[in-house]
Protein chains: 4
Amino acid sequence: MTRRTQIGVIGGRQVSQEILELAQKVGKEIAQKRAILICGGLGGVMEAACKGAKEAGGLTVGLLPVSSMTEANPYVDIVIPTGLGVARNAVIINACDGVIAIGGSYGTLSEMAFARQKGIPVISLKSWQFDNTIHTTESPEEAVEFVFRQIQMA
Amino acid sequence: MTRRTQIGVIGGRQVSQEILELAQKVGKEIAQKRAILICGGLGGVMEAACKGAKEAGGLTVGLLPVSSMTEANPYVDIVIPTGLGVARNAVIINACDGVIAIGGSYGTLSEMAFARQKGIPVISLKSWQFDNTIHTTESPEEAVEFVFRQIQMA
Amino acid sequence: MTRRTQIGVIGGRQVSQEILELAQKVGKEIAQKRAILICGGLGGVMEAACKGAKEAGGLTVGLLPVSSMTEANPYVDIVIPTGLGVARNAVIINACDGVIAIGGSYGTLSEMAFARQKGIPVISLKSWQFDNTIHTTESPEEAVEFVFRQIQMA
Amino acid sequence: MTRRTQIGVIGGRQVSQEILELAQKVGKEIAQKRAILICGGLGGVMEAACKGAKEAGGLTVGLLPVSSMTEANPYVDIVIPTGLGVARNAVIINACDGVIAIGGSYGTLSEMAFARQKGIPVISLKSWQFDNTIHTTESPEEAVEFVFRQIQMA
């Protein structure tokens, strides 16, 4: 058996409509490539990405900071309420083969830092660019393409 | 959308053939009821339960103590390498609507304790019985039936 | 430099006056032996043990489940608000050379299980006795003596 | 009783001699202000800061990523081997009233992000400056002064 690729979509809850639309497209692309979408399971970017993935028949996993399942957005298939608070950001990154950051604030920054530390592919779609090793793009399709290409090369 | 029920199978790595067969039957029953199987993702009871679930076309999640995906048993569909060590036992329980303990040692005991603390249904199939609130059985079918019945009543 | 011994006192928040008095005596004994008292930082057994330790000029550490420092009992010198929920129980045990369980419910049971799994000395003072490897006593002095003796022999 | 202030010193293991000297001065200043030094407990910046704190009679806490006490640097008074891997970065920040970042790589960046998210004072001493809200300095004395001033104003 071969494990399906697991792609993280990270980003904040309080984001613009433009960012939400990007996240939904990214989620859809991930599902079309038959990868599993990993996220923080809450609203905003996480919900939009899960919604996009479900539109394309994908599978979604939400790793919540809280310990209650009811906080998950309605597009999460598998709810993991870690109960770990923000320490769950490290768990999210451990569960990903590659990561797409969309918008987002300091929580997203912590996750990008963990991704860089672990050495997994990460791309910034209108998100942080804290050093010149971070690849950036404005296109959701290119973001997904980039991460899959990097994973295949690894 | 309605979330699928998530059932935890907990138990040790070093167990007898008899325990492995019970775990495989439990995994199969869980999948036949369309529930998602949650476990620690390693060998022994975890692997046998995942194998049983996959035989019945089920979906399996492994929450590993380590941070590397390669440690998962081959029947895990979604690999979450938490990197949390034994603290991941608390995360496993948070991710379950009900729990079936099969064999197992002190790690299993910690998980049963977390399940009792959280108030989710738990049954012991040739595992710990640390107080008289723990329901026990020798039958894998009855174990799965019991947990589903308790979840529906909650 | 030699590190001071770190002794965990584990137990619940809702306990009888008798249990609180035992915890306070245990805390005092630990401080008199110049060991550092490790606990969950909340009320009940944890607060009584810290109070006893401070009476004897000891040093106390509270590893809270929440992320806010204000939840610590007033006798905690060093407040570590882990934010990990009950997963912090595993961190408490990792921080101990030996553990004394006093009264307590399922949280305490999870910690005793982690202590047994890790192989560090543990004694039960009117607490759980889930298998015949758990040494029990009714005396706070004997509890502390037992754990120190076991640590020295290790 | 009033709790002593807890100041985090964060930074990497592989750093220059100049960075180590800055860390040692920062540790000494923290101890002279009677604050408790919180860190990751390993080598490099963490060890230098602890060494500086001990020179001034301070108290040091090391929150290790691993589960074994033996990995702590020799200047750690209280060893908390969390066993959480990099998720312990979130615990470190939860345990601090303010944070001084010295040098460091992606792990340090994740901790600065958590500090900003939580809203506790943070200063960068030859470390990351990922947005214009991060105060920077080249002076260890000023770094410590800044963090204490911000804590008092909060």
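What follows is a friendly dialogue on reading a predicted model, from the contact between two chains to the sheets of two others.

Me: Let's start where two chains meet. How many residues of chain B are in contact with chain A?

Reply: A good way in is to count the residues on each side of the meeting place. Here, 25 residues of chain B touch 25 residues of chain A. Then look at the area hidden between them: chains B and A bury about 2000 Å², and 70% of that lies on carbon and sulfur atoms.

Me: How many salt bridges and how many residue pairs in polar contact are there between chain B and chain A?

Reply: For the two chains, the salt bridge count is 0. Polar contacts do turn up, with 6 residue pairs counted, both partners being at pLDDT 80 or more.

Me: Which elements of chain B give two or more residues to the side that touches chain A?

Reply: They are β3 (59-64), β4 (78-81) and α3 (88-94) of chain B. The most comes from β4(B), which gives 4 residues. Sorted by class, this side of chain B has 16 nonpolar, 5 polar and 4 charged residues.

Me: Now a sheet. In what order do the strands of chain C stand?

Reply: Read a sheet from one edge to the other, noting each neighbour. In chain C, 7 strands form an open sheet, ordered β4-β3-β2-β1-β5-β6-β7, and the pairing is parallel.

Me: Why is one side of β4 and of β7 in chain C left without a neighbour in the sheet?

Reply: Because β4 (78-81) and β7 (135-137) of chain C are at the edges, and each has a single partner strand. Between neighbouring strands of this sheet, the turn is 25° on average, ignoring direction.

Me: Can you show me one pair of strands up close?

Reply: Try β2 (residues 36-39) and β3 (residues 59-64) of chain C, which pair in the parallel sense over 4 bridges. Find Ile38(C), whose bridge partner in β3(C) is Val61(C). Next, look for helix α4 (residues 106-118) of chain C, which packs on the sheet and touches β1, β5 and β6 of that chain. Its direction makes about 150° with that of β6(C).

Me: I'd like to practise on chain D. Which residue in β6(D) stands opposite Val99(D)?

Reply: That is Val122(D). The strands to find are β5 (residues 98-102) and β6 (residues 122-125) of chain D, a parallel pair with 4 bridges. For a helix, pick α2 (residues 45-55) of chain D: this helix lies across β1, β2, β3 and β5 of chain D and runs at about 170° to β2(D).

Conventions: Residues are numbered from 1 along each chain as its sequence is written. Chains are lettered from A and ligands numbered from 1 in the order in which they are written. This is a predicted model: local features need pLDDT of at least 70, side-chain atom pairs count only at pLDDT 80 or more; totals for chains, interfaces and linings use all residues. Side-chain values use heavy atoms; hydrogens and water are left out. Contact means heavy atoms within 4.5 Å. Buried area is the accessible area (1.4 Å probe) that two parts lose on being put together, summed over both. A salt bridge is a side-chain nitrogen of Lys or Arg within 4 Å of a carboxyl oxygen of Asp or Glu. A polar contact is a pair of N or O atoms within 3.5 Å; within protein, one must be able to donate a hydrogen and the other to accept it, and residues adjacent in sequence count only if both atoms are side-chain atoms. Ala, Val, Leu, Ile, Met, Phe, Trp, Tyr, Cys and Pro count as nonpolar, Asp, Glu, Lys and Arg as charged, and the others, Gly among them, as polar. Two strands pair if DSSP finds at least two bridges between them. Axes are lines fitted to C-alpha atoms, for helices over the stretch in contact, and angles run from 0 to 180 degrees between N-to-C directions.
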